[in-house]
Amino acid sequence: MGREIIDEEQKLLEEIGKKLKILRKKTKKTLKQVSDEIHITAADISKYERGKRGDIGVLTLNKFCKYYNYNLTSLLYTCNKAANSNSIKELLKQLNNDTTSYSIKVKN
């Protein structure tokens, strides 16, 4: 069971989602193609890309980054910079030091 996320975290999720979608479009892959390759449902990938699914963990992000041949640190840095929030910087610091998967509940 996850916790409710705060606005700054939602901004980060949205920025990560935007970047994942850009990477997918840049590689000219469909949701189905990515889904088949990394074994995450197309529906979940769509939710991640829209920032509507908050339980994206470091291991899942790493899966996307490996698939798109993109650096995980760069992904987090650029998304953090776009969201531009101190509390997000703290979250990223935590993620950088911890490999466990975080589960957070997205506000409706």
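Ring pairs link Tyr48, Phe64, Tyr67 and Tyr68 into a cluster. This report describes that cluster, the fold around it and the cysteines of the protein, all as they appear in a predicted model.

**The aromatic cluster**

The count of aromatic pairs comes to 3. Two of them are set out below.

| Pair | Arrangement | Centre to centre | Between the planes |
|---|---|---|---|
| Tyr48 and Phe64 | edge-to-face | 6.0 Å | 90 degrees |
| Phe64 and Tyr68 | stacked | 6.3 Å | 15 degrees |

The pair of Tyr48 and Phe64 links distant parts of the chain, with the two positions 16 residues apart in sequence numbering. Tyr48 belongs to helix H3, which covers residues 42-50, while Phe64 belongs to helix H4, which covers residues 58-68. Tyr48 and Phe64 are both buried.

The pair of Phe64 and Tyr68 lies within helix H4. Because Phe64 and Tyr68 are 4 residues apart in that helix, about one helical turn separates them. Tyr68 is buried, as is Phe64. Phe64 thus takes part in an edge-to-face pair with Tyr48 and in a stacked pair with Tyr68.

**The overall fold**

The protein has 6 helices and 2 strands. Read from the N terminus, the order of these elements is β-α-α-α-α-α-α-β, with a strand at the start and another at the end of the series.

The protein consists of 108 residues, of which 40% count as buried. When contacts between residues at least 6 apart in sequence are considered, 68% of them join residues at least 24 apart. The exposed area of the protein is about 6,800 Å², and carbon and sulfur atoms supply 49% of that area.

**The cysteines**

How many disulfides does a search of the whole structure find? The search finds 0 disulfides. Cys65 is in no disulfide, and the cysteine sulfur nearest to its own is that of Cys79, 9.0 Å away. A disulfide requires two cysteine sulfur atoms within 2.5 Å, so a separation beyond that cut-off does not qualify. Cys79 is likewise in no disulfide, its nearest cysteine sulfur being that of Cys65 at 9.0 Å.

Are these two cysteines buried or exposed? Cys65 counts as buried because its relative accessibility is 3%, and Cys79 counts as buried because its relative accessibility is 2%. The cut-off for a buried residue is under 20% relative accessible area.

Definitions and conventions:
Residues are numbered from 1 along each chain as its sequence is written. This is a predicted model: local features need pLDDT of at least 70, side-chain atom pairs count only at pLDDT 80 or more; totals for chains, interfaces and linings use all residues. Side-chain values use heavy atoms; hydrogens and water are left out. Buried means under 20% relative accessible area, exposed over 50%, partly exposed in between (1.4 Å probe, protein chains only). Contact means heavy atoms within 4.5 Å. Accessible areas come from the Shrake-Rupley method with a 1.4 Å probe; for residues, only the protein chains shown count as cover. Rings of Phe, Tyr and Trp (its six-membered ring) pair if their centres lie within 6.5 Å; planes under 30 degrees apart count as stacked, over 60 as edge-to-face and the rest as tilted.
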